[in-house]
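Colleague: Mind if I grill you on the labels you put on this model? I'd like to see each value set against its cut-off.

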Amino acid sequence: MDAIAYFLSRLIEIYVFIVIANVFLSWIVLASRNLTIHKIYTLTSQLVDPLLQPIRNIIRPITGNLGIDFSPMVLIFLLIILENLLIP
């Protein structure tokens with residue numbers, strides 16, 4: 001059981017890094033014409049958006065049109081909580 005929890009914990013850590021990479025790429029992709037950056041951003045978005053969209057649906061009415069997306073921070077916070085529950 002400990003091996004499964006450890007494996008899931010590592011997967012969560014990798015996913016957190018993917019979320020962070022997606023945030024940074026979202027800033028870079030607008031100013032870049034590099035196709036590789038666009039492809040990496042598309043890939044990370046496909047991995048991250050399914051979990052971010054429900055959070056965005058909840059947060060968007062609260063934040064209004066501030067232009068700042070807090071959903072990645074909320075997702076990372078929730079993932080850290082989940083990871084801490086797996087390995088005490």
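**Labels and cut-offs**

Modeller: Let's start with arginine 56, which is buried, with a relative accessible area of 15%. Bear in mind that this is a predicted model, where local features need pLDDT of at least 70 and side-chain atom pairs count only at pLDDT 80 or more, while totals for chains, interfaces and linings use all residues. Residues are numbered from 1 along each chain as its sequence is written, and side-chain values use heavy atoms, with hydrogens and water left out.

Colleague: Why is arginine 56 called buried?

Modeller: Because buried means under 20% relative accessible area, exposed means over 50%, and partly exposed is in between (1.4 Å probe, protein chains only). Arginine 56 has 15%, so it counts as buried.

Colleague: What makes arginine 56 and aspartate 69 a salt bridge?

Modeller: The term needs a side-chain nitrogen of Lys or Arg within 4 Å of a carboxyl oxygen of Asp or Glu. For arginine 56 and aspartate 69 the closest N and O atoms are 2.9 Å apart. Arginine 56 lies in helix H2 (residues 35-63) and aspartate 69 in the loop between H2 and H3, so the pair ties together parts 13 residues apart in sequence. Helices here are DSSP runs (H or I, at least four residues), numbered from the N terminus.

Colleague: And which label does aspartate 69 get for exposure?

Modeller: Partly exposed, because its relative accessible area is 38%. Arginine 56 also meets aspartate 49 in a salt bridge, at 3.5 Å from N to O. Aspartate 49 is at 29% relative accessibility, so it is partly exposed too.

Colleague: How do you know that arginine 10 and glutamate 83 form a salt bridge?

Modeller: Their closest N and O atoms are 4.0 Å apart. That pair links distant parts of the chain, with arginine 10 in helix H1 and glutamate 83 in helix H3 (residues 71-86), 73 residues apart. Arg10, Glu13 and Glu83 are linked in a network of salt bridges, and a search of the whole structure finds four salt bridges.

Colleague: Are arginine 10 and glutamate 83 buried or partly exposed?

Modeller: Arginine 10 has 28%, so it is partly exposed. Glutamate 83 has 14%, so it is buried.

Colleague: Why does asparagine 22 count as buried?

Modeller: Because its relative accessibility is 6%. Asparagine 22 lies in helix H1 and touches Tyr41, Thr44, Ser45 and Val48, not counting residues up to four places away in sequence. Contact means heavy atoms within 4.5 Å.

Terms used: Helices (H or I, at least four residues) and strands (E, at least two) are DSSP runs, numbered from the N terminus.
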